[in-house]
Each structure stands twice: as C-alpha cells, then as structure tokens.
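User: I am new to this structure and would like a close look at one part of it. Please take the central sheet and what surrounds it, and walk me through it step by step.

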Amino acid sequence: MKALIIGAAGFVGQYLIRHLARDCGYTVCATKLPQEELSTEDAAVYDLDILDADAVLRLFDTLKPDCIFHLAAQSSVALSWKKPDLTVNININGTLHVLEAARQMQTPPRILLIGSGEEYGYVKPEDCPLQEETPLHPANIYAVTKACAENLAAVYARAYGLWVVCVRAFNHVGPKQLPQFVVADFCKQAAEIECGLHEPVIRTGNLAPKRDFTDVRDIVRAYAMLMQNGRSGEIYNVGSGHAKAISELLDEIRRLSTADFAIETDPEKLRPTDLPVIEADISKLQRDTGWTPTYSLTQTLSDTLEDWRGILKADAESTAKKEC
Ligand code: A2R
C-alpha cells in the first residue's frame, strides 16, 4: 500500500509518517512546503504547495498513491482571524486542488480529509456530545473553511464516486506541538519557569472553555483505521469523547511541574468568540473501526512537559557551546 501524506511537516504529519511506515507497513510518501524542513527515514519527501493545482496533479501522476491523507492546512484558529484570506485559500482552494487531481487519475486514490470539531461552532452545552448529524454553525474563519472543504468532498464522493472520508478532529495534543496551541503553550511556560528562564507566572487566555483533547499518537491511529475501514462519503468525529476545562489542564500541569507559578490573564490570548464546551460523540468511529484512545491526558501532558524540558536544555547547551 502506497500512502501519500500531504502537509506532512506539521504537527500531525511526523506522527502519521511514523505510524504508517512502522506500524502499518505502508510505503510512505510525504509532502512539505519548499521552505519547510522534514527529515525522516520513514518516507520519501517531496515539495508541494497545494495552491499550485498543476503541481498537485503532476505529483499524483508521478507517485500514483493508493491513498492520500490530506493534512495540509492553515490550522490555527487564532491566525485565521488575522489572515482570513490565506486561511480560505489554503483550506478551501488547496483541498479543491487535491480532490480535483485525485478525480482525474486513472485509478483514483482513497482520500482522508482532515476537518475539525471547530466546525460544529455555536453549540449549546446540552447538544454535547456532538454527533456527526448535529447541524454546523461555525464560529470562526478556520471552522468555516473546514466545513466548506467537507462539502466539496461530499460533492466529489457523490458526483464522481471518489472514495473520500472526512474527519472532524477535535483538539489533538502531544510533544512537538507549536506553542500557539494551548497545551504546548502552558507546558513551554512551565518548563521555562522550572529552569529560571521565566518569572513564576503562566499567562493564559480564557480558562473556562471545555474542549475534547486527544493524544496525537492516538489520533494518527484513528486516521489509519478510517482509511482501512471508514465508509466513503461519511464523516467521522475523532476525539476522546470527554471534554475537559482548560483550567483542569493547567491544574494537571501544575501537579506535574517541579515549579510553582501564579496565573495571569493575557488579553492577547483572548479570542473574539469562544464556545463554552465542545465534546465529541465518537460512537460512529468506534463502531466502524474499533478504535479507542490509549493515552491518558496525564501521560500526554507529562510527555509534552518533558519534551519542552529537553528542548530548553538543548537550547541552553548550544548557547553555552557558542559562548565557549
Ligand atoms: O503553515 P506551515 O508553514 O506550518 O505549513 C503547514 C502546511 N501547509 C501547506 N502545505 C502545502 N501547501 C500549502 N499551501 C500549505 N500551507 C500550509 O500544512 C503545515 O506544515 C501543514 C499542516 O500542519 P499543522 O499546521 O501543524 O497542522 P496539524 O496540527 O498537523 O493538523 C493537520 C490537520 C490540519 O488539516 C488541521 O486543520 C487538522 O488536522 O486539525
């Protein structure tokens, strides 16, 4: 089985490459943007900007993958407020280019499109856990683009018989995530406080919202299982099925950290809109694939904190070396 992962240099890509190559025995091809770094022994790596429709077509023709995991996206909600046109372009036009190129192949590959739990948007707490049939009311620009891409996929599945499964991924977390996401941000700040790089204060946005967090290592297992056992044209929630308040994460990080810290609200981290609770109903995913999460949130937070400690230690060592 030859898999192509588009947008593999991001957070999820590195885990998906490893899982498909090492645990599933796939031959893995992976794309990155020309300016990105992706060094791996587990995949053949190609440059691709999905905004270039001809380049997408050429690459598919060259590689003839059996299946495509489409991860490439402008994936930050915060950035989508600041760069709406970029977000619309990459997430909608880019996805269209992928679907269109796949449709034109002699033997079209299977496609897994990665959307987001954010698509549900303005939901009442009593609507949770959210089923795939729950109406979408996207509350930010990122979420609108993901809902739109999903609609495009539905058209390609119905009109052209393309094998497409859409995922609505809820918050995924773990080591190596960028600190623009909440868990990585808190763990980085805690690790900086531990080694005296930061005054003992963690700056936060709104701590009240509840979100459904899953370890990225479990998420990529779900993606592989959906590629095998998902039903074309269907949408699947991928999450833990349990929402936790951001404040609970911070409490857990405090328990795991060797440092004590105060908490301060940073107005820069407050969002124009924030929903009180987002929680997935994952029974459809579980029914069709048998997937179940294996990492506890404590384990994920502990691994992420430990990863930041390692990054800061390596930074300190390289600075010391330069000074010698
Ligand atoms: O934005 P960058 O420079 O980090 O690059 C991202 C890349 N990307 C693109 N790839 C090809 N053509 C483009 N025009 C383009 N624009 C951005 O896609 C990044 O390397 C990758 C997406 O990775 P992350 O932003 O780290 O997202 P993550 O957490 O891996 O999530 C994967 C998927 C996304 O569709 C999310 O919206 C969804 O899961 O939750």
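Analyst: What follows starts with the sheet, moves to the helices, and ends with some loop residues.

This is a predicted model.

The sheet comes first. It is open and has 7 strands. Their order is β3-β2-β1-β4-β5-β6-β11, and the pairing is parallel. Which strands stand at the edges? They are β3 (44-47) and β11. Each has a single partner strand, so one side of each is left without a neighbour in the sheet. From one strand to the next, the twist averages 20°.

Look at the β3 end. Strand β2 spans residues 27-32 and pairs with β3 in the parallel sense. The pairing runs over 4 bridges. In this pair, A30 stands opposite V45 of β3.

A helix packs on this sheet. Helix α4 covers residues 84-103. It touches β1 (2-6), β4, β5 and β6 (164-169). The direction of α4 makes about 165° with that of β5.

Now go to the other edge. Strand β11 consists of residues 235-238, and V238 belongs to it. Is V238 buried or exposed? V238 is buried, because its relative accessible area is 0%, and the cut-off for buried is under 20%. Which residues touch V238, leaving aside its neighbours within four places in sequence? V238 is in contact with V167, R168, A169 and F170. The list also includes I219, A222, Y223 and L226, together with L285. K124 makes a useful distance marker. It is 114 residues from V238 along the chain, and the two C-alpha atoms are separated by 20 Å.

Next come two helix pairs that share α10. Helix α10 runs over residues 297-323.

The first partner is α8, residues 246-256. The two helices pack at an angle of about 60°, with axes 10 Å apart. Why are they called oblique? An angle of about 60° is neither under 35 degrees nor within 65 to 115, nor over 145, so α8 and α10 are oblique to each other. The crossing of α8 past α10 is right-handed. From α8, the residues in the contact are L249, E252, I253 and L256. They meet L297, T298, L301, S302, L305 and R309 of α10. By class, this contact holds 6 nonpolar, 2 polar and 2 charged residues.

The second partner is α6 (182-194). Here the angle is about 50°, and the axes are 9 Å apart. That makes α6 oblique to α10 as well. The passage of α6 across α10 is again a right-handed crossing. On the α6 side, the contact has V183, A184, C187, K188, A190, A191, E192 and E194. On the α10 side, it has L301, T304, L305, W308, R309 and L312. This contact divides into 9 nonpolar, 1 polar and 4 charged residues.

Last, the loops. K64 sits between α2 (53-63) and β4 (67-70). Its phi is positive, about 45°, although K64 is not a glycine. K64 is exposed, with a relative accessible area of 55%. K176 lies in the loop from β7 (172-173) to α6. K176 also has a positive phi, about 80°, and is not a glycine. K176 is partly exposed, at a relative accessible area of 46%. Between β5 (110-116) and α5 (141-160), the loop contains P129. The peptide bond leading from C128 to P129 is cis, with omega near 0°.

How values were computed: Residues are numbered from 1 along each chain as its sequence is written. This is a predicted model: local features need pLDDT of at least 70, side-chain atom pairs count only at pLDDT 80 or more; totals for chains, interfaces and linings use all residues. Side-chain values use heavy atoms; hydrogens and water are left out. Buried means under 20% relative accessible area, exposed over 50%, partly exposed in between (1.4 Å probe, protein chains only). Contact means heavy atoms within 4.5 Å. Axes are lines fitted to C-alpha atoms, for helices over the stretch in contact, and angles run from 0 to 180 degrees between N-to-C directions. A crossing is left-handed if the near helix is turned anticlockwise from the far one by less than a right angle, and right-handed if clockwise. Ala, Val, Leu, Ile, Met, Phe, Trp, Tyr, Cys and Pro count as nonpolar, Asp, Glu, Lys and Arg as charged, and the others, Gly among them, as polar. Two strands pair if DSSP finds at least two bridges between them.
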